[in-house]
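Hi,

Here's the structure I promised to pass on. Have a look at it first, and then read on for what turned up.

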Amino acid sequence: MMQTIHPVHSCDRPTAEALYPFDARGIAKRFRHAAIFGALDALMPGETMRFCNDHDPLPLLAQLQQRYGQHLSITYQQREPGAIVIDFKVIA
């Protein structure tokens with residue numbers, strides 16, 4: 001019997017205050033970008049959304065850069081196949 005190994009995401013652990021987990025793995029693909037934009041729009045300056053996904057969302061990152069520009073900091077916390085964790089921090 002083969003054992004399946006699932007990568008550990010930061011969204012599976014508690015976070016500090018003003019750091020909100022957003023696990024995209026459980027959202028239907030057709031709704032993901034709208035949900036991500038809505039979540040980011042709800043953040044106040046200084047707050048961070050910790051985004052978890054099973055693939056590197058390069059097209060999404062380009063859209064975020066275009067939409068938010070320098071008002072959004074994008075920092076990878078984990079970048080491994082099947083385990084992507086990115087912090088999106090709203091800048092005033």
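One definition before we start: a charge sits over a ring if NZ of Lys or CZ of Arg is within 6 Å of the ring centre and within 35 degrees of the ring normal. Also keep in mind that this is a predicted model.

By that definition, Arg-67 has its charged end over the ring of Phe-37, 4.4 Å from the ring centre. Arg-79 does likewise with Tyr-76: its charged end sits over that ring, 4.0 Å from the centre.

Phe-37 brings us to helix α1, where it is buried along with Arg-32, Ile-36 and Leu-40. What covers these buried residues? The list includes the strands β1 (19-23), β2 (48-53), β3 (72-80) and β4 (83-90), plus helix α2 (58-68). I also checked the geometry of α1, which covers residues 29-41. With 13 residues at 1.5 Å a residue, α1 should span 18 Å, and its end C-alpha atoms are 19 Å apart, so the two agree.

Next, the aromatics. A search of the whole structure finds two aromatic pairs. In one of them, the ring centres of Phe-22 and Phe-51 are 6.3 Å apart and the planes are at 15 degrees; planes under 30 degrees apart count as stacked, so this pair is stacked. The pair links distant parts of the chain, with Phe-22 in strand β1 and Phe-51 in strand β2, 29 residues apart. Both rings belong to buried residues: the relative accessible area is 12% for Phe-22 and 1% for Phe-51, and buried means under 20%.

Phe-51 also pairs with Phe-88, and this time the arrangement is tilted, at 5.6 Å centre to centre and with 55 degrees between the planes. Again the link is between distant parts of the chain, from Phe-51 in strand β2 to Phe-88 in strand β4, 37 residues apart. Phe-88 is buried, as is Phe-51. Put together, Phe-22, Phe-51 and Phe-88 make one aromatic cluster.

Finally, the strand that holds Phe-88. How do β3 and β4 run relative to each other, parallel or antiparallel? They are antiparallel, and eight bridges join them. One bridge to look up is Gln-78, whose partner in β4 is Val-85. The two strands form a hairpin with two residues between them, and Gly-82 in the turn has a positive phi of about 85 degrees.

Over to you!

Key
Residues numbered from 1 in each chain as written. Predicted model: local features only at pLDDT ≥ 70, side-chain atom pairs only at ≥ 80, totals over all residues. Heavy atoms only, no water. Helix = DSSP H or I, 4+ residues; strand = E, 2+ residues; numbered from the N terminus. Expected span 1.5 Å × (residues − 1). Buried < 20%, exposed > 50% of the residue type's maximum accessible area, 1.4 Å probe, protein only. Contact = heavy atoms within 4.5 Å. Phe/Tyr/Trp six-rings, centres within 6.5 Å; stacked < 30°, edge-to-face > 60°. Pairing = 2+ DSSP bridges.
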